[in-house]
Amino acid sequence: MNTLIAIIGLGVLCLLFEIFELRKAIVPVTILGLLAVLGLDASEFNAPEAYYNNMIIVTKFSSAFSGLFIILTIFLVALGHKFYENQPSKISDFIAIKVFLLAGAVAMVSFGNLAMFFLGIEVLSIALYILAASSRLSLKSNEAGLKYFLMGSFASGIILFGICLIYGAMGTFDVTEISEMSRSAELPVWFPIGIALVTIGMFFKIAAVPFHFWAPDVYEGAPALTTALMSTLAKVVAIATLYKLITVMNAEISEGFQHVIVIISMASMTVGNIMALRQVNVKRMLAFSGISHAGFMIMTLLSTTNAAGTLLYYTSAYALAGIAAFSVILYVCKNTENEDVTNFHGLGKTNPLLAAILTAALLSMAGIPIFAGFFAKMVLFTQTIQAGFIALVIVAVINSIISVGYYFKLILAMYTKEPNETRTGTPVVIYAVAVVAIVLNIALGMFPSLVLDLLAS
Amino acid sequence: MNVSLILIILLVGAFATYIAGDKLASKVALFFGIAALGCSVVLLNHFNLGENISFLSQWINQPHVSFSLNADGLSMAMVLLTAALTPIIIFTSFGTEHKNAKAFYALILFMSFAMVGTFLAADGLLYYIFWELSLIPIYFIALIWGNGDAEERKKAVVKFFIYTLAGSLFMLVAFIYLYQKAGSFLIEDLYKLNLSATEQLWIFLAFFLAYAIKIPIIPFHTWQANVYQKAPAVGTMLLSGIMLKMGLYSVIRWQLPIAPLAAKEYMNIFIALGIAGVIYGSIVALRQKDLKKLLAYSSLAHVGLIAAGTYTLTIDGLRGAVLQMIAHGFVVVGLFFVSEIIYRRYATGTIAEMGGIRTQSPKFASMFMILVLASVALPTTFNFVGEFTVLYSLSQINVWFAILGGTTIILGAYYMLKMYQQVMLGETNTKAFADVSLNEGLALVLIIALLFFFGLYPKPITDLITPSLENIIKVINRA
Amino acid sequence: MDTSLTLLLLLAPFIGFLFNVFFGKSIGKSASGILGTLTVATSFATSVYFFMQISQTHQAIQIQLFDWIQISNFKVDFGFLLDQLSILWLLFVTGIGSLIHLYSISYMHDDENMHKFFAYLNLFIFFMITLVIGSNLLVLFIGWEGVGLCSYLLIGFWHKNQDFNDAAKKAFIMNRIGDLGLLIGIFIIGSMFSTLDYATLKTAITGTTNLNITWISIAAFALFIGACGKSAQIPLYTWLPDAMAGPTPVSALIHAATMVTAGIFMITRLNYLFDLAPDVQNIIAIVGAVTSLVAATIALVQTDIKKVLAYSTVSQLGLMFLALGLGAYEVAVFHVITHAFFKACLFLGSGSVIHALHGEQDMRKMGGLKKVMGITFFTFLISSLAISGIPPFSGFFSKDEILMVAFEHNKVLWIIASLASLMTAFYMFRLLYLTFFNEFRGTAEQKSHLHESPSLITFPLIVLAILATIGGLISLPTNSWLNEYLAPLFAKASHEAHHFGTTEYALMAVAVLGGLIGIGIAYAKYIKQNIVPEEDSQITGFAKVLYNKYYVDEIYDAIFVQSINSLSKFFNQYVETTLSSLVFGLGKVTNELGFQGKKIQNGSIGRYLFAFVLGICAIITYLFLAQ
Amino acid sequence: MSTILIIFCVLAAVTLATAFLAIFSRNPIHSALWLVICFFSIAGHYLLLNSQFLAIVHIIVYSGAIMILFLFTIMLMNLNKENEVHKPRITRLGAVVSFCLICVVLIAVFINSKPIVGEYISTGEDYQSIKVLGKVLLNEYMVPFEFASILLLVAMIGTVLLSKKEKTEK
Amino acid sequence: MNNILNEIGIENYIFLSTILFSIGVFGVLYRRNAIIVFMSIEIMLNAVNLLFVAFSTYHQDAQGQIFVFFSMAVAAAEVAVGLAILVSIFRNLGSIDINKLKNLKG
């Protein structure tokens, strides 16, 4: 709770800074502030408590994920320092929106009441619509914004309908009560339908097939930093929320529901990976990659009792790799019109460090050992096999193989092609973010227990 | 003192090499390579004295993974092979200029690190990690420092990477399944499992896919020739000299003891596949126009025989396979170095452009000849010891296996001598061919000396590996 | 003492080899030649010492150096066995070897790589000694392969000529086919008796009853294939005539006197095994007889002086195998020894001729050399008489014994063998007449250079001629020293039992008569009628078939080499590409799917939402309506 | 059929009809006006269900604010004259199909489910007067209430951000 | 006090809402004018709001109505943001035809 309040306070502070003409200080102060919030969050980790009539329930799960969100936000804010340098008058707005977005995200994982959940998801979504469309002179950005907005609102409608049906069945929005009731009596069929609809809405948010169509278009059109945010923070928030939703409401996962999850997971992985193979635009490629990762993350829903740690680990690994990759993309495509692979030609020669970081990030996403991505997949597979879905794991494995194809396309472009332009300038912040993100990723790979055991009961 | 030391040396070496810069890189790498070799010899000494040099520490709690390195005779032998070949391979590269040398040598040491790890790991997941880890450096080595047309090379290398990765991922699934059953990735726990026949079959096949691609056993070999041709000499040596042996080692260490019922049940099929590889590889090698490709197919034939030996599940088969693995490691490194020496002078790998070299470079010709002979397993070379033992074990299963597998000594002689004739003999070549330099000669002599020494006196290695192989046989026969 | 002497025996040539390899070039040609010769002579001296010793003690010397190969049910030592048989072999290997080394000093003097030649020769002797004195089959196998290697190196000694290289390669590969057989035999023996050691093996085989005869027969047959390869028997004989591409001393040493007898040595060594497999023995006898006849017929029309000798060697080896097959091991050994003398002499003599003619080997371009090359001619004549089986030369005794044994067992074999002997006499004297008699048919330039060879060449000739003359003494029909000497080796009682009666004398007379008839025909044709063989193109009829060696090379080429090559082509062009495209195909299909999939993602919000709605409907239907 | 049911049916018919008309009208202004009527009919439902406060809020927010915003935008863009070319037939078909599908599926599910039997509970307590709503909203739902302000703040910043011209400082 | 749903039945509200919701969905798919599409989404949200109130009555519970407030807030916020996006598209494109927004695809 304190975390949430502090974050909101920080967002307001950002707006105040604009008023007092302290623009230069916004980014550093926000980062410092977020670090402080991170500390606050950590202090709440071992003090689970419910606040304000169960509106906010702080648990290990929520504080751990909040911590991850805060870290990701720190990276994204730091990257914004460079990204928005040409729009000084808007920087406070951008930063503030991101901080509020973080607030929405934290609310989403620590909700104790479906109202909080819904408001959280709307804060997040609306902030994302704005960020996606934020490059107002670019038609691509506008298009991305509109597409995301239309489809997102549609999905919100579905979620709302779902919540409504849950309410209709239970007569309350409080998850604890819902959980208790769901266990006891015979329920009207509204409840499972409501759960299904909410889940579908969340599937949209994490871009799972067949609700994924928005993702590539929006990722491509949105400004690169927003894409970074969507592919890392937003996706992670959505899957964490979905996981929490399903576990906390104690929705009895019926066999049919498991089948649905399995099919969607398989479809997401397969479609995402196959579609990514022929992409030229790196952001678009990562969008499809994100879709396939969504498929992987959904696998955690099959073993709801003990997969929280796994999910945290997977999302951390994925998001950190994503941050590292996007830092490099931001650097490379800063002055280019698009984010095509051609821009990466010869990066291995012109900037070996960033090339190495991008390589590492892609390897992590591909699930090559020592990077956290490998352990994430491994633990996930272990759990899924334990849950008895070996066919799903085999599909996942085949997909991992396909995914190598496009990740390596980018790596090959960096190392085997001749550079077509000279790159100058060493933006320290981008370097720092990229290095820290990838180091964290590798550290997670070396000591997976640090995160995996965090949520062990 | 325990075996993790050698891993640390190699890893530190890789970083040190990178830091040392392009000029010093090769020397620093060689230093660390030799240091690792020294370390492994010292460790061997400790091992022989009966000290415990294994290493075990908890790593991941949930799922239960430990950082467990176990040094038994088999592992030590493979580690020694790696540790001995690494400095030799680094040394052979001294005659070739490599741009961005620091990265190049660092990758070599890193690869060595990963391979040593694979040989030592006693925890399934740790083993898998090292196994995968070794793929990355060779990928970059082949990709960046390789020769030939860049597009072709890219195609070959990516195919190789994806193909091998594909195989090993199924192994990962198998490991996870085993974990699920045993509650641990530790090899001793996996050895204790009593799986049903069906389970064993699937596990066996999953492992087989990984190993068949890595080794390679036909028909999973299609990546091999192209990658060998395109990779730089060092890469080819690492691949053929050590990396193939990872697959064979793993068959002995993991596949057979974990799924013995399946291994016994389908033994004949897998032996037959190995032997088919012998014949097929030899026949395909006959018409190769590229020296490195020819050597690749010869390698296919040899490892086919080794694989057949491992699948006999007899102590002779395993022992012969291990001996032959080590012998083949040295010979193939020597032969690829020979092709590199020719490449340095003629800048070609095409056999048709060679010929008549012997008159210009008698020393080189002799050493090449010896390597050719070793490769065709002439008695007194190390390869004979291995090949004899393997063929003997095959004859114990079925004489026809021995006869068909034995065709390697005929066909092998045919294509190797044909190649030697086309490359070295005939009218003096119009292009000048400088005889081997001191460095080149030294490396070759070293390899040759080792081959002869162990060819005449394989006892140290046999004694080293036999107890652990007997243990493995015991595990295989536990049910 | 014995150990170090054995090592001296073994290692002396090896040291010579090493020295010649590393320093041969710097110490000069003569020095390297002398060094090479001395090392072999040292071995010879040691062999003589051992011979003396064993003649007195009758005790085999066994030496074990170290463990070599460890197999589950047995262990192979690196050990040596010096018994009657091996010492006998040692004597003539090192003896003739020394002579040929000596000969080579002069013969090879013009070659720039003479030190290498001596290195290889030394190496050969080293391996031959290993082969002979090894205490088990695997050490024998070292030598077996080693001599094959040296043979390869020496046939292809003039490596600039790719034809020679082809011949060398062929020799090596055909040998290896045999080697595989030998290995299989070794495997079977190893698994049956858990030992490869001769001594243990002998006790194991002779001491046990109810052995599995089938497997023993298979083992014996496999071993026999090995022997076929090394000793150039049908079907693996074609390499030997081609091996004449090597320098003549090589032909004399390796391809006449020593290496090719390895097969006989091995079978004699394992006589107790072969005795248990009568079927295999029959095969051996038949193969031997047929080989001797076939090779002899081919030799009838060859015009290359060395080719004739080569086929003669094959033919004689066939006779030895005949004897082996009939269980008369000591007879075979006897013929090995006499054959070594006269055939070495013949080869060296032909070398002397070729030397004088600066490399000319075609008999049609020789003639009349008797006048200039007296010593060569004389020694050649003696050896020819010996090989033709004319008493009192050594060949008479040995060949006669073979024929006699054959007669005892099987008349058909005897007829074949006799026919082969008759032909032998014919073609040897054809060779002699064409080369040494009548007028010189070469160019004038060659004629002006004709000369007798230097004494370094003639001396070995003389020594060998003497041996060819008196060699028969070691095993006289009535009083065979050799049989007695070898008796401890054999499991069965030796053949000396045959008392000499009329049959025997009649047989002897028939044999001699045959020889004389052969000589007579040759005389009539080549001296009286002064016929010179036609040019290649004019040969017709059966002679052409013979001249082309029954087209066996071509048949082999068509059946084996070509089929393997086309198989290789097939594999390379189709199988490899198919397999490769299968793997690539998977990738391509996925890629193409990705490409096609892009069309679905067409940017239309309507379509996206439609998919969304469909998704919802599908899930709801599945969850709540389908059950 | 009771009066209430009849009222319900009429209101429902109006709601659905106006919703359809809003979608089918070519002219956006007409659409907006139909939609306003639709909202009013929904407010009628609220009144029917005796939640007067909500009905009023609904009219104020939707008809008063949101629809005015729509109309304002339509006027701003001068869209009122646009004669929209109809989407291609396949798209229309898709729309109809999905409408039917989602309708049929959802209704089928609801019909399939167990019908509610017996009396609806009636506690008799006041649960929807302004007073009660205010208490619930500002006590129990204080946090979401505050959080909604964040939502609006974000929307506000966002709208400003999207419309604000960049200062050309360079 | 009698529960009004005894007269009408909660099912009818559910059906009404569902149909209204479906009409919203239909509108989103059917129209290419972005503004109308927005309106259709508003219809969807209103359909749910209606159901909330109906359920609120069904349970005799105020929370459902409270939720409607939030839902309205959300609707308002969405409309504000959506229209802002629409305006900037109109500025760039001169049209709000969503069929013209197909630059991002593949």
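**Exercise 1. Find which chains share the most contacts, and describe the side of chain E involved.**

Of the 8 pairs of chains in contact, chains D and E share the most contacts. Two residues are in contact if their C-beta atoms, placed from the backbone, lie within 7 Å. The model is predicted: local features need pLDDT of at least 70, side-chain atom pairs count only at pLDDT 80 or more, and totals for chains, interfaces and linings use all residues. Residues are numbered from 1 along each chain as its sequence is written, while chains are lettered from A and ligands numbered from 1 in the order in which they are written.

Step 1. Count the residues: 66 of chain E are in contact with 69 of chain D.

Step 2. Assign them to elements, where helices (H or I, at least four residues) and strands (E, at least two) are DSSP runs numbered from the N terminus. In chain E, α1 (5-8), α2 (10-30), α3 (34-59) and α4 (63-93) each supply at least two residues of the side that touches chain D. The most comes from α4(E), with 22 residues.

Step 3. Sort by class. The side of chain E that touches chain D has 44 nonpolar, 16 polar and 6 charged residues. Here Ala, Val, Leu, Ile, Met, Phe, Trp, Tyr, Cys and Pro count as nonpolar, Asp, Glu, Lys and Arg as charged, and the others, Gly among them, as polar.

**Exercise 2. Compare the UniProt record for chain E with the model.**

Step 1. Read the record. An unreviewed UniProt entry places the feature "transmembrane region" at residues 12-30, 35-55 and 67-90 of chain E. UniProt positions are given in the numbering used here, feature names are shortened, and annotations may be inferred rather than shown by experiment.

Step 2. Check two of these spans. Residues 35-55 of chain E are 100% helix and 0% strand, with end C-alpha atoms 30 Å apart. For residues 67-90 of chain E, the end C-alpha atoms lie 34 Å apart, and the span is again 100% helix and 0% strand.

**Exercise 3. Characterise the fold of chain B and its separation from chains D and E.**

Step 1. List the elements: chain B has 19 helices and 2 strands.

Step 2. Test the overall size. A compact globule of 479 residues would have a radius of gyration near 23 Å, and the 21 Å of chain B agrees. The radius is taken over C-alpha atoms, and the globule rule is 2.2 Å times the number of residues to the power 0.38. Along its principal axes, the C-alpha trace of chain B spans about 65 × 55 × 45 Å.

Step 3. Examine the packing. In chain B, 69% of the 479 residues count as buried. A residue is buried if 20 or more other C-beta atoms lie within 10 Å of its own, exposed if 12 or fewer, and partly exposed in between, with C-beta atoms placed from the backbone. Among contacts in chain B between residues at least 6 apart in sequence, 82% join residues at least 24 apart.

Step 4. Look for contacts outside the chain. No contact joins chain B to chain D, whose closest C-alpha atoms lie 37 Å apart. Chain B has no contact with chain E either; there the closest C-alpha atoms lie 25 Å apart.

**Exercise 4. Describe the strand pairing in chain C.**

Step 1. Strands β1 (residues 61-70) and β2 (residues 75-82) of chain C run antiparallel, joined by 8 bridges. Two strands pair if DSSP finds at least two bridges between them.

Step 2. β1(C) and β2(C) form a hairpin with 4 residues between them, and C:Ile61 stands opposite C:Leu82 in β2(C).

Step 3. β2(C) is mostly covered, with 7 of its 8 residues buried.
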